[in-house]
Amino acid sequence: MATEPAPSNLDDYSPSATLIPFDRPIPILRGPIKADSTDDPESGPFVLAFKNPKSWALAYKVCESQIIQQCEAGVRVGCSLTASNNCKPPWWKTLLGIAKQDYKERAECEEREMEACFGKAREKCGEFAAQKCLTAFRDSRIAVKNLDLVSSRREVSKLIYWVCLQDIEILLIER
């Protein structure tokens, strides 16, 4: 019986060389629940729903904050370019040597322009994020266990608050 020779390079079998790390999976926002008799039978026996109103509200807030963050990052770039263009002397004055560049004054001008531009745009970023998130979350379903309007008064009032204030239709599904 012949024995196999030992591998020449044992580093090839080390855990760092043989294991491939993967990122942790992102948890799902909504889970499947049985479809109601009012649902379209062609869409299947299950529908996706948030497990509770708190998970819906958290997902909505995360969506809104991420869109605002991305929007403001783009706005910063655009406002800095606009501020730089608005505060530089005209090209022809520089060419003729009439205007001398005062860097301190230009920095102050750019700061004022940037602040004014960014202030206006931040407001619009909030409106944009609300519009995008409301569109995505408006028709969401929230699964509610044993919804009793009398004993679950606080929970029901939260749901009504979200529906009325945000102009959102939330379909409540009993599990």
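Four aromatic pairs turn up in this predicted model. In one of them, Trp56 and Phe137 meet edge-to-face, with 6.0 Å from centre to centre and 80° between the planes. Trp56 sits in helix α2 and Phe137 in helix α4, so this pair ties together parts of the chain that are 81 residues apart in sequence. Both partners are tucked away from the surface: Trp56 is buried, with a relative accessible area of 1%, and Phe137 is buried too, at 9%. With the cut-off for buried at under 20% relative accessible area, the values of 1% for Trp56 and 9% for Phe137 put these two residues in that class.

Phe137 also pairs with Tyr60. Here the ring centres are 5.6 Å apart and the planes stand at 85°, so this pair counts as edge-to-face as well. Again the link runs between distant parts of the chain, with Tyr60 in helix α2 and Phe137 in helix α4, 77 residues apart. Tyr60 is buried, just as Phe137 is. Taken together, ring pairs join Phe50, Trp56, Tyr60 and Phe137 into a cluster.

Some of these names come back in the nonpolar interior. The largest nonpolar core has 13 residues, and Phe50, Trp56, Cys133 and Phe137 are the ones that touch the most other members. Two or more residues each come from α2 (53–87), α4 (103–137) and β3 (141–144). The top contributor is α2, which gives six residues to this core. Apart from this core lies another one, made of five residues, among them Val75, Cys79, Phe118 and Cys125.

As for the overall layout, the chain has five helices and four strands, and from the N terminus on these follow the order α-β-β-α-α-α-β-α-β. The chain is 175 residues long, and 22% of these residues count as buried. Contacts across long stretches of sequence make up a good part of the picture: among contacts with a separation of 6 or more, 68% are between residues 24 or more positions apart. The accessible surface of the chain comes to about 14,100 Å², and carbon and sulfur atoms account for 56% of this area.

Next comes the open space in the model. The largest pocket holds about 270 Å³. Its lining is made up of 17 residues, and those nearest the pocket centre are Ile28, Leu29, Arg30, Phe50 and Ser55. Two elements, β1 (31–34) and α2, give two or more residues to the lining. Helix α2 gives the most, with six residues. Phe50 thus has a place in this lining, in the ring cluster and among the best-connected members of the largest nonpolar core, those that touch the most other members.

A few single residues deserve a look of their own. Glu64 is found in helix α2 and, with a relative accessible area of 15%, is buried. Leaving aside neighbours within four places in sequence, Glu64 is in contact with Ala129, Ala130 and Cys133. Cys133 is also one of the residues that touch the most other members of the largest nonpolar core.

Gln101 lies in the loop between α3 (91–96) and α4. This residue is partly exposed, with a relative accessible area of 27%. Beyond the residues up to four places away in sequence, Gln101 touches Pro89 and Arg106. Gln101 and Pro89 are 12 residues apart along the chain, and 7.5 Å separates their C-alpha atoms.

Arg138 belongs to the loop between α4 and β3. Its relative accessibility is 34%, which makes Arg138 partly exposed. In sequence Arg138 and Tyr60 are 78 residues apart, while in space their C-alpha atoms are 10.0 Å apart. Tyr60, for its part, is buried and belongs to the ring cluster with Phe50, Trp56 and Phe137.

Key
Residues are numbered from 1 along each chain as its sequence is written. This is a predicted model: local features need pLDDT of at least 70, side-chain atom pairs count only at pLDDT 80 or more; totals for chains, interfaces and linings use all residues. Side-chain values use heavy atoms; hydrogens and water are left out. Buried means under 20% relative accessible area, exposed over 50%, partly exposed in between (1.4 Å probe, protein chains only). Contact means heavy atoms within 4.5 Å. Accessible areas come from the Shrake-Rupley method with a 1.4 Å probe; for residues, only the protein chains shown count as cover. A nonpolar core is a set of buried Ala, Val, Leu, Ile, Met, Phe, Trp, Tyr and Cys residues joined through side-chain atoms within 4.5 Å. Rings of Phe, Tyr and Trp (its six-membered ring) pair if their centres lie within 6.5 Å; planes under 30 degrees apart count as stacked, over 60 as edge-to-face and the rest as tilted. On a 1 Å grid over the protein atoms alone, a cavity is a set of points where a 1.4 Å probe fits but cannot get out, and a pocket is an open set with protein on both sides within 12 Å along at least five of seven lines; lining residues have an atom within 4 Å of a point. Grid points are joined across faces, edges and corners, and a volume is the space filled by probe spheres set on the points.
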